[in-house]
Amino acid sequence: MKRTISLIGLLIAFCCFSIQNVLYSQDKFVVNDKIETMAYKFDMKDVRLLDGEFKKAMDQNYKYLIDMDVNRLLHNFRINAGLKSSAKPLGGWEEPQVELRGHFTGHFLTACALMYSSTGDKNFIAKVDSLVNGLEECQVALNRNGYLSAYPEELIDRVETGVRVWAPYYTLHKIFAGLIDVYVHMNNKKALDVCERMAMWVKLRTDKLSQEQIQKMLRVEFGGMNEMFYNLYSLTGKEDYKELAKRFEDKFVFDPLSRKEDKLRGLHANTQIPKVIGATRAYELTGDEYYGTIAKYFWNEVTKARSYVTGGTSNFEYWRSEPNHFFDQLSSDDHENCCTYNMLKLTSHLFSLEPKAEYSDYYERALLNGIMGTQHPETGGAFMYSVSMLPGTWRIFCEPEYSYVCCSGTGIESFGKFGDNIYFHNANSLFVNLFISSKVEWKEKNITLTQKTNFPDEQKTLLTISTKQPQEFVLNLRVPYWASKKYSVTINGKSLNVTADPTGYASIKRVWKNNDKVEIQFPFELHLERMPDYPNRTAIIFGPVVLAGKLGQKQMNSVMINGMGEDVERLSKESAAIPAPKFVTDETVLSNWIKPVKGKSLTFTTINAGVPNDVTLIPFYRLQKERYSVYFDVFSKKEWKDFLDQKVKIPEGAIDCFVFGDKFSNDEHNYQAWIANKGETAGRKWVKSKSWFRFDINVAPDKPVMLRTTYYGDESEAEYYLSIDGIHIPTKKIEKHSDEFFTVDYDLPFEMTKGKERIGIQFKVPEKKKDVSVGQTTVEKTVSKYETPKLFECETRVK
Ligand SMILES: [Zn+2]
């Protein structure tokens, strides 16, 4: 792309657009970026979605936002400020005693600002005005130097002094960001005043702390406080805010990244991504390469060595492995949606600085396969928290009224800003990054570009240019990484010889006339993406679309099928996943064993490869209300024979056998553990835990079954709970044994295994709740003095 921008073009770009693109309305910014922006976002008000899947998903979110009662969002703020409120409090993480209360109100402000820009619907102005007025009343009533929150300032005392508290600055960041967004998008000046008063309160609080105290405080999740202060600085020009942004720089995380070292293992993923967005903002505003290196290195590392095929990252919210290790990282809790939301935001910044298709390819991958499909198909406000990558699981959504979790907050934002990254521009170029039916007005040029496509159901898009007089500019078309060699472009029906430049864009420079039509054809091809640490495990992709296997509704009740409701989360974590078939084939040409299903768009079936059966594949983001698999094990016939030879043999008479510590036995049985210890006794591996471990195991649907468990002598009299698919079953203490291996048989109640071919077994430490005094408050803590016994192996047998 760089090659198509002339020096004059750059100068014009610099003069015309005073400032950073990422917050869209450049007229609000007073501080110029030091790093030149190479491609600007369009103000979302200039982009409109046309009919299609994205518009439909946005409309569902629109309805949810517009129906929300502002008084409910203000309830906790009013109570905290000593004002009256008779509104019904929100539930879940917004319940009146929860330490994160208030965060959703911040997300709601941002979502309304984005939705207002996306639709132009003036109803959002009245809604946001009353919300901002209500927040200001609370700030005045609190009368604490600008403090504004739904919880008392005592939570800030706790985070400053290292006393256990959830994440008070994380919550405040959402409120700050929401106020900034409604100022930027909706011109609500009061929001900026309220925000600035809050900012000065942060200054007062942190002025009193040493560098060391601040760094200690930053061990607790604080969202994008640094990014927010940089934005406030660029909106006001006040140096204080730049200083405050620097205060919220987490050296512990930044320094290794600045040296291009991946020390991310063990870190909470979504705590770090917003910090790095802040680093990117610091780079843009200061030009300091320290921040630039952090941003670019981190992006590369996370998208290329720590992301699933969907573009999502994290496992139980953490990075729990070294880079490029995925084999044992498939769980019910992969891929937290907030991470995808924030990685997209980071990608957007980096694209602006260096427009290359690598960034837009990731953006498309994560938006289409990671974000789409995470809103409940019928219920607005119901979003997925994490997206399971474990074969044989199903989608679960947070019920709006009882959740208000972090991902509900980023969910209402994600589904309000699809127009955000479709197009970019600079002085003389227009970038077409995403294939989404939409219309963009390029005001500086008085040009409108309309994009019509049924992508991904059709493998082409049509761009129509509308201009009063012929004008010369460069149209930069992304040539996606997945586009086949048959990628082609026609202008007004005549084919044009185009190739991608090193940035991955095909640039067409010409004098464009009214009604010029550009058709891009990008035929899809099937390809596999193999897991780097276990290449037999692959995802199947058609063009940009990650395909998933339809695995049916086996062992799913209506609550599980709907994916929402009481108990659904426990069921998803504790009940058995039904394994996906494996594929065994010597075919090297994918289209010889993965064939399209006639008459059904983006639908395929495997032919003579599935063991025990072939599978229908459809786009993962459209796969709802049944079990699925995104990853499949694919073997040649020889590899399959070797695999079976190496596999743990099921003892005679047993239905199934789980041997802890065997890589493939762990994998096949979906073994997962929390706070676990591993070791070896007499050459046999064991696991024990201070919390829980679990695995799935086959049973007989029509006969009562028992579980035979192998322990070692020193585990006598140990105490623990056993549950089947999340339901506790009675167990007895293990009798005393000398130093030897011994087995204990447990009768599994028939009513809990009947009709099932597989169950989830969990070994859990009995929890003891205890009131513990922390500072001046008393909190309830879970204390366990026990560990589960060392488990070596388990097998199921007919009784
Ligand atoms: Zn989240």
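**Entry 1: F658 and the four-stranded sheet**

I looked up F658 and found that this residue stands opposite C794 in β33; I note here that the model I am reading is a predicted one. Going from the residue to the strands, I see that β23 and β33, the latter covering residues 793-798, pair in the antiparallel sense over five bridges.

I then followed the sheet outward, and its four strands come in the order β23-β33-β26-β29, in an open arrangement with antiparallel pairing. Its edges are formed by β23 (654-659) and β29 (741-748), each of which pairs on one side only. Neighbouring strands of this sheet are turned by 20° against each other on average, with direction ignored.

**Entry 2: the zinc ion**

Which atoms hold the zinc ion? I listed the donors as E336 through OE and C338, C406 and C407 through SG, at 2.0 to 2.3 Å. I next checked the geometry, and the arrangement is tetrahedral because the four donor atoms subtend angles of 97 to 119° around the zinc ion, every one of which falls between the limits of 85 and 135 degrees that count as tetrahedral.

Along the chain the donors follow the spacing E-x1-C-x67-C-C. The pair E336 and C407 links distant parts of the chain, since E336 lies in the loop between α14 (289-305) and α15 (337-353), whereas C407 belongs to helix α17 (residues 406-414), 71 residues apart.

Are these two donors buried or exposed? E336 has a relative accessible area of 2% and is therefore buried, and C407, with a relative accessible area of 1%, is buried as well; the cut-off I applied for buried is under 20%.

**Entry 3: Q329 in the loop between α14 and α15**

I stayed with the loop between α14 and α15, where Q329 is also found. At 7% relative accessibility, Q329 counts as buried, so I asked myself what its side chain meets there. A polar contact of 2.8 Å joins the side chains of Q329 and N315, and the side chain of Q329 makes another polar contact, of 3.2 Å, with the side chain of D328. When I left aside the neighbours within four places in sequence, I found Q329 in contact with Y308, N315, R320, S321 and D334.

**Entry 4: strand β5 and its partners**

I turned to β5 (residues 438-442) and noted which way its side chains point: S438, V440 and W442 point to one face and are buried, while K439 and E441 point to the other and are not buried. In a regular strand the side chains alternate between the two faces of the sheet.

I recorded two pairings for β5. Strand β2 (residues 47-49) pairs with β5 in the antiparallel sense over three bridges, and in this pairing V440 is the bridge partner of V47. With strand β6 (residues 447-452), β5 pairs in the antiparallel sense over five bridges, and here T448 is the bridge partner of E441. The hairpin of β5 and β6 has four residues between the strands, and in this hairpin N446 takes a positive phi near 60°.

**Entry 5: helix α6**

Which residues of helix α6 are buried? In this helix, residues 154-161, I noted L155, I156, R158, V159 and E160 as buried. Residues three or four places apart point the same way in an α-helix, because there are 3.6 residues a turn. After α6 comes G162, whose phi is positive, near 75°.

Methods. Residues numbered from 1 in each chain as written. Predicted model: local features only at pLDDT ≥ 70, side-chain atom pairs only at ≥ 80, totals over all residues. Heavy atoms only, no water. Pairing = 2+ DSSP bridges. Axes fitted to C-alpha atoms, helices over the stretch in contact; angles between N-to-C directions. Donors = N, O, S within 2.8 Å, 3.2 Å for Na, K, Ca; no water. Tetrahedral: all angles 85-135°; square planar, octahedral: opposite > 155°, others 65-115°. Buried < 20%, exposed > 50% of the residue type's maximum accessible area, 1.4 Å probe, protein only. Polar contact = N/O pair within 3.5 Å; in protein donor to acceptor, adjacent residues only side chain to side chain. Contact = heavy atoms within 4.5 Å.
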